[in-house]
Amino acid sequence: MPISPLTSDKLYRHCELNGLPLDIKSTKHLTPLNEIVGQERAQQAVEFAMSMKDKGYNIYAIGRNGLGKRTMVMRYLDRYDPNGNATPLYDWCYVANFDEARTPKVLKLAQGEGTKFKKAIEQLMKRLVKALPLAFDNEIYYSRADKLKSQLAAKQEAALNRLTKEASSKHVALSITAQGSYELVAMNGEEAHTEESFAALSNKEQDLLEENISELESKLREVVRKFTVWEETYSDKQQKHDEQVAQDVLVHLLEPLKLAYADQSEVKAHLNDMHNDIIDNLDIFLEQNEEQVAISYASLQKKMPRRYQVNVLVNHGSQSLPIVVEESPNYHNIFGYIENATFKGTIFSDFSLIRAGSLHKANGGVLMIDAIKVLEQPYVWDGLKRALRSRKLSLSSLEREVTLSGTISLDPEAIPLDVKIILFGDYQTYQLLQHYDPEFKELFRVTADFEDEMVRTDESEAQYAKFISSIVHGNKMLHCDRAAIKRVIEFSARQADAQNKLSLHSADIANLLREANYVAKASHSNMIRVGHVDQALRNHEHRVCRLKDNIMQSFVNGTTLIDTQSSVVGQINALSVLSTSDHQFGAPNRITATVAYGDGAVFDIERKVELGGSIHSKGVMILTAYLATVLGQTDKIPLTTHLTFEQNYGGVDGDSASMAELCTIISAFSKLPLRQDVAITGSMNQFGQAQPIGGVNEKIEGFFDVCSIKGRCDSQGVIIPKSNAQNLMLRADIVDAVKKGTFSIWAIDHVSEAVEILTGVVAGERDFEFEDYPEESVYGIADKRLKKLRDHVKQQAKSSDN
């Protein structure tokens, strides 16, 4: 029985929207979806990971770009309800460590309290900066200070007077030099002895004066020592006085703040430490040392001393779940960093210059980052694993991480970390991490695997229509009428290369709708209609089809040799798919086979010159095995076949031409011509069964276009594997040509069916009783020729022996 071509209704599955009520005329009447269509498996994985509070339940979201992975996760998290099991959120602040400036302290405050505390401290400092100088600038303070100073001066004067009187009684005077030191001088009446007058004294008088001076010097040293003790006592009394004055001010201003934070031990302890530090550093407020004051206020905002500032690193405000998307995950952006400031040519740093990273901001919530971007940045992946393992966020300088120098830098106290990391990546990156990083499995235990397509049913079409509505509403486009919705769904099926599937590549659908919206607005329409969708598709095709036009032009001008109407021995039109980054299309390739006396080998020219890939070579080996089964079961095939893709200069891979190659070899063996008006695509196994291939729609359309270029005739068509019939979503002009009977598409189960279509002769089945094929069959003709050649070889062998 001749093989019948497919009917036109098998070439395209129209969308009927049977799952939607007839009264829904456009997306205006459809409720937008709150989730990405067809990704239930991935959504369940995200829900599971978010519910697990144990360590290591982070997420790796797998899927191609454009599937809506991030959108789905964001929509889920926006409505995520932790049911009271959410991690408590805190505001995190860095403050000065008054005991060790290199290790700033962390303050944990209740959510939303960080900024309030910072403002309270700023307000306190503003009042202290004014109140403390005023407390030391009044008559009561001056009177008390003068009294202490007078007491010291009187005590010192009395001691000096006693020593002066005693010295005077011994003819010695106590004087003060120009340098401010005390000096004892021997007196000659009212005048000091000169060298001459002292020499004129008797030895006894000289000895007596020297003895008296020596004794007085000893007493003078004792008095000076007492002066030091008295001055220290005075300083202590003055300090205590100053501290008491400051205490009175601080108690008045600081105690209300301590009471407000009495239930937060860390904050209260910091306020007590700050209280004591202010007492120890009153000079900062009293401006007694200009240099120290300048340094203490050195900042962009000279409102308060730097050491008392509060650096609010993270302020969660009123949000219930922090969600951070880090687009540039370098080391500083993820883990934070410490800035440097310059003051009078000196570079310095302190706790107020610590800046938050994405992990700080996402603490208690979710951080979403791209896996490839993370792996591209040095030290980020190791740092991320270290933070997840320790569940602490240590802010260390990147320079200290990558150098061996012992540069002094800050070492802030670590912040407890409780965050969910969601990595977005593809399968290849996931497999690499699984294979090369043993820690990956422990830290990312949940895989959210996003689907590329979904089953096409009436229900899924209705859901897809709602998905289209969500894009329209979300982007504030013109609404799509019912016919336009159907056309977009049909486009999705074409993207999935299947009549019974819909593509989940949401970026493609969104782009089509945006372009159709543009076309509709340009034509002043109030709604997107099916014509606008078709025009948008044509516009897109025109923008990206430069390579296709160049290839087709080579058929127009005859640069690429092709025959679409005659019949030729050992020559066939196979079909292939060519791709650019955003477009793929089909085109025919001429395959030829020549035979010569030999040992039965199939000489793959593409493989020999390294233009053929390993899969293509495997296909040739498979067809060689089938060929041996068909024509070489009883004896060796005495022909060597040379097989090639004509005018192929860029390489070929894949096994989708193996059926075409076999038909070409059979034609060369039997000398039966093959139809050039019929192209073929499909791979085969060792039993000759046709196996499905990819790009079937593009391949058929490519041959149809070349036929139109070279001249159409009603006998033209394409042979495809029967299992590819479900993938057909062909252009309307091809469906119309099939409907009119001017183009045919045959779906076959076995390569022998292709042989029959291409030769017009029955392929033939072996009669196992006589081990022969019917004489008039293709295989019979080929087998008969091979037998003659074998007999000829044997006769030659006998002649040579004789």
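The end C-alpha atoms of residues 566–761 lie 16 Å apart, and this span is 35% helix and 28% strand. The UniProt record, an unreviewed entry, annotates residues 566–761 as "domain: Lon proteolytic". The model described here is predicted.

A second annotated span has another make-up. For residues 199–226, UniProt lists a "coiled-coil region", again in an unreviewed entry. Helix accounts for 93% of residues 199–226 and strand for 0%, and the end C-alpha atoms of the span are 35 Å apart.

**Nonpolar cores**

The largest nonpolar core holds 84 residues, and the members that touch the most others are Y464, I700 and F743. Beyond its neighbours within four places in sequence, I700 contacts L575, V718, I720, L728, L730, I734, F743 and I745. A separate, second core comprises 69 residues, among them Y94, V249, L393 and L395.

**The three-stranded sheet and its helices**

Strands of a sheet may pair in a parallel or an antiparallel manner, through backbone hydrogen bonds. One open sheet in the model consists of three strands in the order β3-β2-β7, paired antiparallel. Its edge strands are β3 (105–110) and β7 (311–314), each of which pairs on one side only. On average, and with direction ignored, neighbouring strands of the sheet are turned by 35 degrees against each other.

Six bridges connect strand β2 (residues 90–95) with β3 in the antiparallel sense. Within this pairing, Y90 has A110 of β3 as its bridge partner. Helix α3 (residues 114–135) packs on the sheet and touches β2, β3 and β7, with its direction at about 115 degrees to that of β3. Helix α7 (residues 265–280) lies across β2 and β3 and runs at about 130 degrees to β3.

K258 belongs to helix α6 (residues 203–260). This lysine counts as buried because its relative accessibility is 9%, under the 20% limit for that class. Leaving out residues up to four places away in sequence, K258 touches L271, N272 and H275.

**A parallel strand pair**

Strand β1 (residues 59–62) and strand β17 run parallel and are joined by four bridges. In this pair, A61 stands opposite A448 of β17. Strand β17 (residues 446–449) has two unlike faces: V446 and A448 form the covered face, while T447 and D449 form the uncovered one.

**Packing of α18 and α20**

The packing of two helices is described by the angle between their axes and by the distance between those axes. For helix α18 (residues 482–495) and helix α20 (residues 530–544), the angle is about 35 degrees and the axes are 7 Å apart. Helix α18 contributes A483, A484, R487, V488 and F491 to the contact, and α20 contributes V530, V533, D534 and L537. Sorted by class, the contact has seven nonpolar residues, two charged residues and no polar ones.

**Helix α23 and residues with positive phi**

V630 is located in helix α23 (residues 614–631). With a relative accessibility of 6%, V630 counts as buried, since the limit is 20%. Although V630 and E765 are 135 residues apart along the chain, their C-alpha atoms are separated by 9.2 Å. Residues touching V630, apart from those up to four places away in sequence, are R766, Y773 and Y779.

Most residues other than glycine have a negative phi. E610 has a positive phi, near 60 degrees, and lies in the loop between α22 (605–608) and α23. K671 also has a positive phi, near 65 degrees, and is found in the loop between α24 (658–670) and β25 (674–675). E610 counts as exposed because its relative accessibility is 70%, over the 50% limit. K671 has a relative accessible area of 47% and is therefore partly exposed.

The accessibility of these residues is set out below.

| Residue | Relative accessibility | Class |
|---|---|---|
| V630 | 6% | buried |
| K258 | 9% | buried |
| K671 | 47% | partly exposed |
| E610 | 70% | exposed |

Methods. Residues are numbered from 1 along each chain as its sequence is written. This is a predicted model: local features need pLDDT of at least 70, side-chain atom pairs count only at pLDDT 80 or more; totals for chains, interfaces and linings use all residues. Side-chain values use heavy atoms; hydrogens and water are left out. Axes are lines fitted to C-alpha atoms, for helices over the stretch in contact, and angles run from 0 to 180 degrees between N-to-C directions. Contact means heavy atoms within 4.5 Å. Ala, Val, Leu, Ile, Met, Phe, Trp, Tyr, Cys and Pro count as nonpolar, Asp, Glu, Lys and Arg as charged, and the others, Gly among them, as polar. Buried means under 20% relative accessible area, exposed over 50%, partly exposed in between (1.4 Å probe, protein chains only). A nonpolar core is a set of buried Ala, Val, Leu, Ile, Met, Phe, Trp, Tyr and Cys residues joined through side-chain atoms within 4.5 Å. UniProt positions are given in the numbering used here, feature names are shortened, and annotations may be inferred rather than shown by experiment. Two strands pair if DSSP finds at least two bridges between them.
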